Amino acid sequence: MHIVQLTSAHPRTDARVFHKQCCSLAEAGAKVTLVVADGLGDETKNGVEIRDVGRSDGRVGRMALSSKRVYSLAKTLEADLYHLHDPELIPWGLMLSRSKVPVVFDAHEDLPAQIATKHYLPKPARSILAGVASLGERLAFPKFSGLIGATPEITGKLRSHHRTTQLIANYPKRDEFAPPQERDPRFALFVGSMSRIRGIAELADAMQHTNANHKLHLVGPMANDGIAERVASSAGSERIVTFGSVSREAVAQQMRGAACGIVTFLEAPNHLNAQPNKLFEYMSAGIPVVASHFPLWRELIEGANCGLCVDPANPRAIAEAIDWVFDNPEEAAQMGRRGRAAIEEGLNWETQAEELLAFYGRLGAES
């Protein structure tokens with residue numbers, strides 16, 4: 001079975017695309033080719049053949065030029081199934097479906113809801129573009145062989161377009177962030193892409209209200225929405241250390257020293273029913289979570305009793321939660337152990353890899 005996965009926007013080391021899907025498929029014995037557009041060249045990594053079509057400058061260049069090049073290369077490959085990961089690839093996926101090979105679209109986000117939070121779009125244009133995106137999904141999605149959703153909410157919406165739809169959740173690999181025998185909790189931690197809508201400004205401001213010896217590590221890239229300058233100018237900046245993008249191994253090392261993992265996204269249509277990677281990765285690492293008090297997140301975190309839920313727009317509430325974790329180490333450790341147990345008992349990628357292979361089989365791509 002030759003699975004060709006396509007992305008024009010994600011990096012070749014993306015957690016969901018490469019580390020989870022491509023690598024687990026290769027481990028299961030499939031031939032896997034990942035077509036990317038990052039300009040880093042071709043390579044074979046972890047049994048996955050990575051083919052690079054080159055990088056295009058700017059969003060328009062990526063959406064128009066990179067996506068076409070990804071399609072042009074993909075159609076030359078002898079695939080048993082194509083798996084697409086970016087909305088700009090949808091028209092090209094419809095072209096690929098003419099080859100009679102199964103074509104799957106994987107919705108990582110609710111695109112119409114996501115458009116409503118794009119800072120670089122004028123506000124009047126957002127609702128118009130969200131409506132156009134919604135119409136495009138209704139027209140295009142039924143023509144795919146099948147659809148995949150990253151969360152229950154997204155999957156439910158996709159099923160209104162196509163009955164052959166599968167939830168493949170963003171759970172972590174069971175052992176990637178396994179907690180060490182001895183912990184040394186020294187700082188609060190945020191891992192992932194950072195932007196204003198993800199509550200990073202409020203998190204930075206929270207640090208001015210924490211106990212003076214408490215620190216925050218920010219690990220990941222910062223968006224070009226002014227968030228880097230906002231963090232630097234925050235009154236809490238002296239207690240913050242930023243690291244930028246790091247390897248998965250370096251993320252694991254950060255988690256070993258974390259007292260808690262932070263995921264205080266602000267309220268937005270695309271956040272309320274999201275299931276961020278980092279939420280489950282913190283649980284996998286055995287550290288308590290401080291998260292937004294959205295109903296879905298509260299149900300998960302308080303149901304497992306593995307963290308604290310707060311108002312993400314309230315820096316003082318975030319600060320109180322961070323201080324509580326540091327000031328109550330045994331209770332916090334118990335929260336971390338309960339989160340880890342939930343991962344071991346079922347919220348892990350290994351269960352999703354089995355679902356993915358079974359889904360491919362239902363579409364006719366047999367191993």
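The exercises below work through a predicted model of one protein chain.

**Exercise 1. Overall build**

Task: State how many helices and strands the protein chain has, and decide how its radius of gyration compares with the globule rule.

Solution:
- Step 1. Take the secondary structure. The protein chain holds 14 helices and 14 strands.
- Step 2. Take the radius of gyration, which is 21 Å. The globule rule also gives 21 Å for 367 residues, so the chain is as compact as a globular protein of that length.
- Step 3. Add the outline. Along the principal axes, the C-alpha atoms fill a box of roughly 60 × 45 × 40 Å.

**Exercise 2. Burial, contacts and surface**

Task: What share of the 367 residues counts as buried, and what share of the contacts with a separation of 6 or more joins residues 24 or more positions apart?

Solution:
- Step 1. Buried residues make up 55% of the 367 in the protein chain.
- Step 2. Of the contacts with a separation of 6 or more, 66% come from residues 24 or more positions apart.
- Step 3. Turn to the outside. The accessible surface is about 16000 Å², and carbon and sulfur atoms account for 50% of that surface.
- Step 4. Place the charges. The chain has 40 positive and 43 negative charges, and their mean positions lie 6 Å apart.

**Exercise 3. Q5 in its strand**

Task: Is Q5 buried or exposed, and which side chain does its own side chain meet in a polar contact?

Solution:
- Step 1. Locate Q5. It sits in strand β1, residues 2-6.
- Step 2. Check the accessibility. Buried means under 20% relative accessible area. Q5 has 0%, so it counts as buried.
- Step 3. Find the polar partner. The side chains of Q5 and Q21 are joined by a polar contact of 3.4 Å.
- Step 4. List neighbours beyond four places in sequence. Among them are V17, C22, L25, H83, H85 and Y360. T33, L34 and V35 also touch Q5.

**Exercise 4. Helix α10**

Task: Explain why helix α10 counts as largely enclosed, and name what its buried residues pack against.

Solution:
- Step 1. Count burial. Helix α10 spans residues 277-284, and seven of its eight residues are buried. The helix is therefore largely enclosed by the rest of the structure.
- Step 2. Name the buried residues. They are K278, L279, F280, E281, Y282, M283 and S284.
- Step 3. Find the packing partners. Among the strands, the buried residues of α10 pack against β9 (187-191), β12 (258-263) and β13 (289-292). The helices they pack against are α9 (248-256), α11 and α13 (329-345).
- Step 4. Look past the end. G286, just after α10, has a positive phi of about 75°.

**Exercise 5. Positive phi outside glycine**

Task: Where do K100 and N305 lie, and what are their phi values?

Solution:
- Step 1. Recall the background. Most residues other than glycine have a negative phi.
- Step 2. Examine K100. Its phi is positive, near 70°. K100 lies in the loop between α3 and β6 (103-107). Its relative accessible area is 74%, so K100 is exposed.
- Step 3. Examine N305. Its phi is positive too, at about 50°, although N305 is not a glycine. N305 lies in the loop between α11 (295-304) and β14 (307-310). Its relative accessible area is 36%, so N305 is partly exposed.

**Exercise 6. Sequence separation and distance in space**

Task: How far apart in space are P91 and K173, R230 and I154, and G364 and L96?

Solution:
- Step 1. Start with P91 in helix α3, residues 90-96. P91 is partly exposed at 48%. Its C-alpha lies 32 Å from that of K173, with their positions 82 residues apart in sequence.
- Step 2. Move to R230 in helix α8, residues 227-233. R230 is partly exposed at 24%. R230 and I154 are 76 residues apart in sequence and 32 Å apart, C-alpha to C-alpha. Beyond four places in sequence, R230 contacts R196, A201 and D205.
- Step 3. Finish with G364, in the segment after α14 (349-362). G364 is exposed at 52%. G364 and L96 are 268 residues apart along the chain, and their C-alpha atoms are separated by 16 Å.

**Exercise 7. H19**

Task: Is H19 buried or exposed, and which residues does it contact beyond four places in sequence?

Solution:
- Step 1. H19 belongs to helix α1, residues 15-27.
- Step 2. Its relative accessibility is 15%, so H19 counts as buried.
- Step 3. Its contacts are T13, D14, K173 and R248.

Methods
Residues numbered from 1 in each chain as written. Predicted model: local features only at pLDDT ≥ 70, side-chain atom pairs only at ≥ 80, totals over all residues. Heavy atoms only, no water. Helix = DSSP H or I, 4+ residues; strand = E, 2+ residues; numbered from the N terminus. Buried < 20%, exposed > 50% of the residue type's maximum accessible area, 1.4 Å probe, protein only. Polar contact = N/O pair within 3.5 Å; in protein donor to acceptor, adjacent residues only side chain to side chain. Contact = heavy atoms within 4.5 Å. Rg over C-alpha atoms; globule rule 2.2 N^0.38 Å. Areas by Shrake-Rupley, 256 points an atom, 1.4 Å probe, with all protein chains shown as cover. Lys, Arg positive; Asp, Glu negative; His and termini not counted. Charge placed at Lys NZ, Arg CZ, Asp CG, Glu CD.
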